[in-house]
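Ready to learn your way around a protein model by working through a few exercises? Keep the sequence and the 3D view open side by side.

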Amino acid sequence: MNTQHAPQYLVDQELARRLERAEGRANAEFVDARAKVRPELGACWIEVAGTLAMYDGVDSPCTQTFGLGMFEPVGNREMETLEAFFHERSAEVHHEVSPLADSSLLALLNGRGYQPFELSTVLFRPIESGLELAPPRDQSIRVRLSQTGEESLWAQTAARGWLDVAPEYFDYITELGPVNAERTNTRCFFAEYDGQPIAAGAVGLFEGVALLAGACTIPEWRNRGAQRALLQARLRHGAEQGCDLAMMVAAPGSASQRNAERQGFRIGYTRMKWRLARPVH
């Protein structure tokens, strides 16, 4: 491959692999937890050539692959195995593909009838103990870890925060309480005002990476700094648990991306999600 005119990224392939591996392991833990809580759903995952394929239900945003082409070469045989995994469960075939994956993937995906349909930006930053961000606008906001027995409260808070952004996932999010209770490497946080939960967020700790996810604020409590306070608490927690790197994913150019950049995150790369539009004959 001629790399003279290839795009330059803020991460090298090894760091990109680390980020992709952490996200894949986080989703595998989630699927394992779902399988314990709802065995009738058939949630499970497999690994093919370093790629993790997840099934969490037909309509779940987690039902897709992670790390395709990042760790081992992928050809038609591997793709057939991955596609069969989803087809056997009547699910669409989705692959989240990094631009740092093997360059042969583009021709392979096009040849097998895939079409791109979604972009996401991977952001990262180093973290350390005692990390300080700018204080929230409202100094009355406090952040704390969710305690045993509060799993449903966290899920309900998160669902209210996401309702106007992704209403189609309201029921899905409200069911996350018992699932999160089964996860050992993911911790949930509340942001509170006068003891009332107004925002929620989570952080997964995998291979030295603090993976930030699920942050949202109930609409009437936005623009007070709850997200910044949640971000600092989760980054500090990750550093205290031995992580030296934080990662998050946002829509390109979104408010979430801009807010993350203001807090020291940098864009690593933008991924493309592909779906199988027509079967191979």
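Below are some exercises on this predicted model, each with a worked solution.

**Exercise 1: the sheet**

Task: Find the order of the strands in the open sheet, then say which strands lie at its edges.

Solution:
- Start by tracing the open sheet, which has eleven strands in the order β1-β2-β3-β4-β11-β5-β10-β9-β8-β7-β6.
- Its pairing is mixed.
- Now look for strands that pair on one side only: these are β1 and β6 (141-145), so they are the edge strands.

**Exercise 2: two antiparallel pairs**

Task: Work out how β1 pairs with β2, and how β8 pairs with β9.

Solution:
- Take β1 (residues 44-48) and β2 (residues 51-55): they run antiparallel to each other, with five bridges.
- Zoom in on Val48 and you'll find that its bridge partner in β2 is Thr51.
- The hairpin of β1 and β2 leaves two residues between the strands, and Ala49 has a positive phi there, near 50°.
- Move on to β8 and β9, which are also antiparallel, over seven bridges.
- Here, Leu205 is found opposite Ala210 of β9.

**Exercise 3: helix α4**

Task: Check whether the end-to-end distance of α4 agrees or disagrees with the expected span, then find what covers its buried residues.

Solution:
- Helix α4 covers residues 151-162, which makes twelve residues.
- At 1.5 Å a residue, the expected span is 16 Å.
- The C-alpha atoms at the two ends are 17 Å apart, so the two values agree.
- Next, pick out the buried residues of α4: Trp154, Ala155, Thr157, Ala158, Ala159 and Gly161.
- A handy reminder: residues three or four places apart in an α-helix point the same way, because there are 3.6 residues a turn.
- The cover over the buried residues of α4 includes α5 (170-174), α6 (176-181), β7 (186-193), β8 (196-206) and β9 (209-217).

**Exercise 4: Gly177**

Task: Decide whether Gly177 is buried or exposed, and list what it touches.

Solution:
- Locate Gly177 in helix α6.
- Its relative accessible area is 0%, and the cut-off for buried is under 20%, so Gly177 is buried.
- Leaving out residues up to four places away in sequence, Gly177 touches Glu151, Ser152 and Ala155.
- As for Gly204, which is 27 residues from Gly177 along the chain, the two C-alpha atoms are 15 Å apart.

**Exercise 5: Arg112**

Task: Place Arg112 and find the polar contacts of its side chain with Asn76 and Glu83.

Solution:
- Look in the loop between α3 (105-111) and β5 (114-126): that's where Arg112 sits.
- With a relative accessible area of 5%, Arg112 is buried.
- Its side chain makes a polar contact of 2.8 Å with the side chain of Asn76.
- The side chain of Glu83 makes another polar contact with that of Arg112, at 2.9 Å.

**Exercise 6: rings**

Task: Classify the pair formed by Phe85 and Phe86, then find the arginines over the rings of Tyr193 and Phe117.

Solution:
- The structure has three aromatic pairs.
- In the pair of Phe85 and Phe86, the ring centres are 5.2 Å apart and the planes are at 80°; planes over 60 degrees apart count as edge-to-face, so that is what this pair is.
- Phe85 is buried, at 4% relative accessibility, and Phe86 is buried at 0%.
- The charged end of Arg224 lies over the ring of Tyr193, 5.6 Å from the centre.
- Over the face of Phe117 you'll find Arg275, 4.1 Å from the ring centre.

Terms used: Residues numbered from 1 in each chain as written. Predicted model: local features only at pLDDT ≥ 70, side-chain atom pairs only at ≥ 80, totals over all residues. Heavy atoms only, no water. Helix = DSSP H or I, 4+ residues; strand = E, 2+ residues; numbered from the N terminus. Buried < 20%, exposed > 50% of the residue type's maximum accessible area, 1.4 Å probe, protein only. Polar contact = N/O pair within 3.5 Å; in protein donor to acceptor, adjacent residues only side chain to side chain. Expected span 1.5 Å × (residues − 1). Contact = heavy atoms within 4.5 Å. Phe/Tyr/Trp six-rings, centres within 6.5 Å; stacked < 30°, edge-to-face > 60°. Lys NZ or Arg CZ within 6 Å of the ring centre and 35° of its normal.
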